[in-house]
Amino acid sequence: MPASAKVILRKNLGRALRQGHPWIFRDALVEAPAVPGGAVVTVAGRDGRTLAHGYWDATGPIAVRVLDLLPVRDVQVLVCDRLRQALAKRLARLDRNQTNAFRWVHGEGDGLPGIHVDLYDQVAVVRFDGAGARAFYRDLDHLLAECSAPLRLSQVVDREQRASLGEIEVRENCIRFIVDLGRGQKGGLFLDQRENRHAVAARAAGKSLLNLYGYTGGFSLYAAAAGATRTDTVDSAKPALATARRNFQLNHLSLEHAGFHATDALAFLDQAARRTRRWDIVVSDPPSFAPSRRALPAARSAYFRLHRLAATVVAPGGLLCAASCSSHFPRDEFLASVERGAAAAGRRFGLEAVTGAGFDHPALPAFPEGDYLKFAIGRID
Ligand SMILES: C[S@@+](CC[C@H](N)C(=O)[O-])C[C@H]1O[C@@H](n2cnc3c(N)ncnc32)[C@H](O)[C@@H]1O
């Protein structure tokens with residue numbers, strides 16, 4: 001094993017690293033080593049004691065992504081072992097006859113920091129978090145193919161170079177989805193909401209459902225298949241809504257009681273509130289309003305306004321299912337926003353359940369930055 005370059009820490013991060021925090025920001029270093037991005041480095045404290053091992057990113061704000069507290073003897077073996085473990089965990093819980101689209105690798109949560117790998121049937125879509133990750137995982141195509149048994153991979157696609165790809169069909173809990181691999185958001189589907197879509201479906205029989213920020217119809221399809229009396233899907237992206245309509249047809253679900261509204265969700269809610277329209281279940285799954293810490297003040301008021309309006313259009317005794325996918329918006333604050341929004345609408349939000357992303361998006365206890373998705377289900381009185 002060749003000796004790796006040493007990165008000396010200015011800050012005392014020993015405890016955080018031992019607990020499993022996988023990021024070292026550039027401002028925590030004494031100086032940068034003269035190694036190319038992707039090189040394996042040894043992280044040491046000021047006293048010279050080795051603390052962890054990771055790979056170097058020469059450009060991004062995260063200078064080192066930690067791979068292990070023990071030395072990395074063989075990078076390919078480490079990556080392969082972790083790819084296999086991650087896949088085995090997914091396949092132990094998912095029936096591929098029912099679900100063939102899921103997240104195979106959730107970066108830091110699977111011990112493979114800096115990459116996300118989503119599987120759409122036989123196509124793996126990879127996201128690299130920066131140039132360091134791209135260099136460290138330069139053999140990822142081959143490693144994914146090598147470690148994919150018992151799956152068969154037909155293609156590995158870089159999320160940033162997928163424009164020429166077309167549509168495929170996948171299934172999630174037996175619901176069929178058309179996925180536009182070339183132009184779809186987040187590489188295709190928002191796979192992190194699979195279990196929450198299932199939770200909403202379990203409550204949807206005989207109910208009407210408003211699906212705000214509905215993308216290609218996920219929550220609406222699940223609800224309609226579970227016997228919802230009516231669904232309304234709202235999204236500002238016209239192509240996504242056109243796919244939502246096609247997804248209804250693909251699943252042999254009637255379009256007669258399905259509305260598709262290509263408009264801004266808040267504008268739709270404003271109008272619906274004025275017309276006193278009501279739904280038994282309202283799902284709100286907006287894009288991140290707080291992509292950075294600096295965006296938090298504006299995000300707080302946007303979430304509050306959304307939660308107030310969404311609560312307004314829930315029928316008495318109905319359900320509000322509200323999501324936030326911003327890791328900068330803490331869980332407690334998010335829940336308080338839903339409650340305050342409901343109160344401002346003259347309603348009461350009675351929390352029934354709070355969940356996060358599905359099990360194929362594992363979060364590390366010592367790494368709150370990775371725990372981004374919140375999903376609150378509550379009764380509106
Ligand atoms: C997190 S995704 C929703 C995923 C969806 N719930 C699902 O299960 O597939 C957010 C969606 O919000 C849509 N969007 C963004 N801004 C919007 C706006 N102002 N009004 C309505 N939809 C918007 C995006 O097009 C995207 O489809």
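## A first walk through the model

In strand β7, the residue that bridges to F102 is L119. That pair is a handy place to start in this predicted model. β6 and β7 (residues 115-120) run antiparallel to each other, with five bridges between them.

Step back a little and a sheet comes into view. Four strands line up in the order β6-β7-β8-β9, making an open sheet whose pairing is mixed. At its edges sit β6 (101-106) and β9 (155-158), each pairing on one side only. On average, neighbouring strands here are turned by 20° against each other, direction ignored.

Just ahead of β9 there is something to look out for. P150 sits in the loop between α4 (140-146) and β9, and the peptide bond that joins A149 to P150 is cis, with omega at about 5°. Most peptide bonds are trans, and most residues other than glycine have a negative phi.

**The β10-β11 hairpin**

Next along is a pair of strands, β10 (167-172) and β11 (175-180), with a loop between them that holds N173. The two strands run antiparallel and are joined by six bridges. E167 belongs to β10 and stands opposite D180 in β11. If you skip its neighbours within four places in sequence, E167 is in contact with I178, V179 and D180. Is E167 buried or partly exposed? It is partly exposed, because 14 other C-beta atoms lie within 10 Å, and a buried residue needs 20 or more. For a sense of distance back to β7, the C-alpha atoms of E167 and V117 are separated by 18 Å, with the two residues 50 apart along the chain.

The hairpin has two residues between its strands, and N173 takes a positive phi there. N173 counts as partly exposed, because it has 16 C-beta neighbours inside 10 Å. Y215 shares the positive sign of phi without being a glycine, but Y215 is buried, with 23 other C-beta atoms within 10 Å. Here are the two side by side:

| Residue | Phi | C-beta neighbours within 10 Å | Loop |
|---|---|---|---|
| N173 | about 50° | 16 | between β10 (167-172) and β11 (175-180) |
| Y215 | near 55° | 23 | between β12 (208-212) and α6 |

**Around the ligand**

Y215 leads straight to the ligand. Which residues come nearest to it? Of the 19 residues around the ligand, those are Y213, Y215, G218, A237 and D285. By type, the shell splits into eleven nonpolar, five polar and three charged residues. Helix α6 and strand β13 (230-235) each supply at least two residues of this shell.

Helix α6 spans residues 218-225 and is mostly covered, with seven of its eight residues buried. Those buried residues are G218, F219, S220, L221, Y222, A223 and A224. G218 therefore turns up twice, as a buried residue of α6 and as one of the residues that come nearest to the ligand. After the helix comes G227, with a positive phi near 100°.

**The seven-stranded sheet and the core**

β13 also has a place in another open sheet. Seven strands make it up, in the order β14-β13-β12-β15-β16-β18-β17, and the pairing is mixed. The edge strands, β14 (258-262) and β17 (349-355), each pair on one side only. From one strand to the next, the twist averages 15°.

Over at the β17 edge, six bridges hold β17 to β18 (residues 374-380) in the antiparallel sense. One of the partnerships here sets T355 against F375 in β18. Helix α10 (residues 331-344) lies across β16 (314-324), β17 and β18, and runs at about 30° to β18.

Finally, have a look inside. In soluble globular proteins, nonpolar side chains tend to be buried together. The largest nonpolar core in this model has 103 residues. Which of its residues have the most contacts inside it? They are V282, A310 and L320. Setting aside neighbours within four places in sequence, V282 is in contact with L210, L212, A310, V313, V314 and L320. So V282 touches both A310 and L320, going by C-beta atoms within 7 Å.

Note on methods: Residues numbered from 1 in each chain as written. Predicted model: local features only at pLDDT ≥ 70, side-chain atom pairs only at ≥ 80, totals over all residues. Buried ≥ 20, exposed ≤ 12 C-beta atoms within 10 Å, placed from the backbone. Near = placed C-beta within 6 Å. Nonpolar A, V, L, I, M, F, W, Y, C, P; charged D, E, K, R; others polar. Pairing = 2+ DSSP bridges. Axes fitted to C-alpha atoms, helices over the stretch in contact; angles between N-to-C directions. Contact = placed C-beta atoms within 7 Å. Core = buried A, V, L, I, M, F, W, Y, C linked by C-beta atoms within 7 Å.
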